[in-house]
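Student: Could you take one part of this model and walk me through it slowly? I'd like to see how the rings sit together and what lies around them.

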Amino acid sequence: FDCDSTLTAMEGIDWLAQNKGCSDKVEVLTAQAMGGKIKFEEVFARRLALIQPTLQDLELLAERYIANQLKDVASVIEKLQSLGKNVFIVSGGYSLAVKHLAQNLNIPAENVFAVDLFFNPNGNYLGFDDKNPLTRSGGKKTVIEKIVTTGSTIFVGDGFTDLEAKNAVDLFIGFGGVIIRPIVQQEADIFIKIKSLMPVLFLACGNLISEPKDTLKIC
């Protein structure tokens with residue numbers, strides 16, 4: 001699964017920007033990147049430079065992620081895991097906050113792929129891990145190709161950076177329950193419009209994937 005606007009009904013970067021009084025500039029950049037109008041790497045550093053998030057900001061974001069998680073996401077993930085599916089989060093969001101949400105959903109920390117931010121001893125922003133493929137276009141495809149060694153894979157996400165991984169998985173599910181991005185709706189194998197991830201559970205356990213069910217991974 002992607003994280004923002006998929007597992008949780010918010011965009012973390014936009015929430016951080018609102019707290020810092022630069023939401024107008026950052027939301028435009030986010031919309032352009034997620035809509036496939038500009039490359040993700042062009043906005044990644046620019047947004048963080050504008051926001052200058054502190055360690056405390058990330059801790060507050062972690063709480064907001066949980067407060068805004070989709071109402072059925074916990075039960076969907078629990079059922080997938082009980083059926084032997086391996087569940088991952090692959091996100092261009094920030095590790096501290098994304099891992100906090102993952103812990104709340106009982107997704108192992110080693111199954112979470114996100115971006116580390118760096119802070120000084122006072123908790124002020126210093127930078128980010130620019131070697132992480134998730135900071136640039138095509139990064140999710142790169143990460144998923146490393147995760148998947150056997151079996152079949154479904155990827156669920158709302159944005160263009162998710163759609164870029166379509167050819168690395170057996171089924172790409174576009175999620176429009178929080179926000180509909182036209183290019184994702186048009187090019188996804190399957191598109192969900194309702195604010196629920198329950199269809200993913202049925203698709204993962206159905207006959208759309210030819211591999212044995214116990215080898216299916218849901219990212």
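Tutor: Here is a walk through the ring cluster, with the whole chain as a backdrop.

A quick word on ground rules: this is a predicted model, where local features need pLDDT of at least 70 and side-chain atom pairs count only at pLDDT 80 or more, while totals for chains, interfaces and linings use all residues. Residues are numbered from 1 along each chain as its sequence is written, and side-chain values use heavy atoms, with hydrogens and water left out.

Backdrop first. The chain has 10 helices and nine strands; these are DSSP runs, numbered from the N terminus, with at least four residues (H or I) for a helix and at least two (E) for a strand. A compact globule of 219 residues would have a radius of gyration near 17 Å, and the chain's 16 Å agrees with that. That radius is taken over C-alpha atoms, and the globule rule is 2.2 Å times the number of residues to the power 0.38. The C-alpha atoms fill a box of roughly 50 × 35 × 30 Å along the principal axes. Of the 219 residues, 52% are buried, where buried means under 20% relative accessible area, exposed means over 50%, and partly exposed is in between (1.4 Å probe, protein chains only).

Now the rings. Searching the whole structure turns up five aromatic pairs. Rings of Phe, Tyr and Trp (its six-membered ring) pair if their centres lie within 6.5 Å; planes under 30 degrees apart count as stacked, over 60 as edge-to-face, and the rest as tilted. Take Phe44 and Tyr94: their pair is edge-to-face, with 6.2 Å centre to centre and 80° between the planes. Phe44 lies in helix H3 (residues 40-51) and Tyr94 in strand S2 (residues 89-94), so this pair ties together parts that are 50 residues apart in sequence. Both partners are tucked away: Phe44 is buried at 1% relative accessibility, and Tyr94 is buried at 4%.

The picture then widens, since ring pairs link Phe40, Phe44, Tyr94 and Phe128 into a cluster. Phe128 sits in strand S5 (residues 125-128). Not counting residues up to four places away in sequence, Phe128 touches Phe44, Ala45, Leu48, Val115, Asp116, Leu117, Phe118 and Thr135; a contact like this means heavy atoms within 4.5 Å. One of those neighbours, Leu117, is 11 residues from Phe128 along the chain, and their C-alpha atoms are separated by 4.3 Å.

Phe40 of the cluster leads us on to Ala33, which is in contact with Ile38, Phe40, Val43 and Phe160, leaving aside neighbours within four places in sequence. Ala33 is part of helix H2 (residues 23-34) and is buried, at 1% relative accessibility. Compare Ala33 with Phe118, a neighbour of Phe128: the C-alpha atoms of Ala33 and Phe118 are separated by 23 Å, and the two are 85 residues apart along the chain.

Contacts across the sequence show up in the totals too. Among contacts between residues at least 6 apart in sequence, 60% join residues at least 24 apart.
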